[in-house]
Amino acid sequence: KDIRKAYRNRAMAVHPDKNKDGRAQEAFIVVEESASILSDNFLRQQYDKQHQLARKEKLQSQMALVSGVLNSVKGTVGGILKAM
């Protein structure tokens, strides 16, 4: 019910007959596709899996960046301490 209500509200807001923005048609199509995915349990599970994997990959990338920065800082601090 919540998905249908949210879909209806968004669809009304971006419907090309109601919204004169040149991108309204594209937005309306995106809203329709989103609603169809969210209302179908199988499609929603597939969507969730894809996004979970993408979030995991992004987190791993961020952790590698943090690790690299920390290693760089360790090297810099170690060099400063040796110089003292």
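Helices (DSSP runs of H or I, at least four residues) and strands (E, at least two) are numbered from the N terminus. With that in hand, you can find F28 in helix 2, and we'll come back to that residue shortly.

**Before you click**

This is a predicted model, in which local features need pLDDT of at least 70, side-chain atom pairs count only at pLDDT 80 or more, and totals for chains, interfaces and linings use all residues. Numbering starts from 1 along each chain as its sequence is written, and side-chain values use heavy atoms, with hydrogens and water left out.

**Whole chain**

Start by coloring everything by pLDDT, the predictor's confidence in each residue, from 0 to 100. The chain has a mean of 87, and 89% of its residues reach 70 or more. Among the elements, helix 2 (residues 24-39) has the highest mean pLDDT, 92, while helix 3 (residues 41-83) has the lowest, 85. Where pLDDT is low, the predicted coordinates should not be read in detail.

Now switch to cartoon. You'll see three helices and zero strands, running α-α-α from the N terminus on. Turn on a surface too: the chain exposes about 7,500 Å² (Shrake-Rupley method, 1.4 Å probe; for residues, only the protein chains shown count as cover). Carbon and sulfur atoms supply 57% of that area. Buried residues (under 20% relative accessible area; exposed is over 50%, partly exposed in between; 1.4 Å probe, protein chains only) make up 7% of the 84 residues.

**Stop 1: helix 2**

Select residues 24-39, which are helix 2. Which residues of helix 2 are buried? Pick A24, F28, V31 and A35. They sit on the same side of helix 2, because they cover an arc of only 60° around the axis (taken from the directions from the helix axis to the C-beta atoms). An α-helix has 3.6 residues a turn, so residues three or four places apart point the same way.

Check the helix length while you're here. The expected span is 1.5 Å times one less than the number of residues, so the 16 residues of helix 2 should span 22 Å, and the end C-alpha atoms are indeed 22 Å apart.

Zoom in on F28, which is buried at 13% relative accessible area. Draw a C-alpha distance from F28 to R10: they are 18 residues apart along the chain and separated by 8.1 Å.

**Stop 2: the loop before helix 2**

Go to H15, in the loop between helix 1 (2-14) and helix 2. H15 is partly exposed, at 25% relative accessibility. From H15 to Q25 it's 10 residues in sequence and 6.8 Å in space, C-alpha to C-alpha.

Next, show D21 and R23 as sticks. Their side chains meet in a salt bridge at 3.0 Å, N to O (the rule: a side-chain nitrogen of Lys or Arg within 4 Å of a carboxyl oxygen of Asp or Glu). The count by this rule comes to one. D21 is partly exposed at 34%, whereas R23 is exposed at 57%.

**Stop 3: helix 3**

Select D48 in helix 3, partly exposed at 41% relative accessible area. D48 and L38 are 10 residues apart in sequence, with 9.9 Å between their C-alpha atoms.

Finish on L65, V69 and V73, a nonpolar surface patch with about 270 Å² of accessible area together. Patches take residues with over 30% relative accessible area and no salt bridge, joining like charges within 9 Å and nonpolar side chains (Val, Leu, Ile, Met, Phe, Trp, Tyr) within 5 Å. V69 is in helix 3 and counts as partly exposed at 47%.
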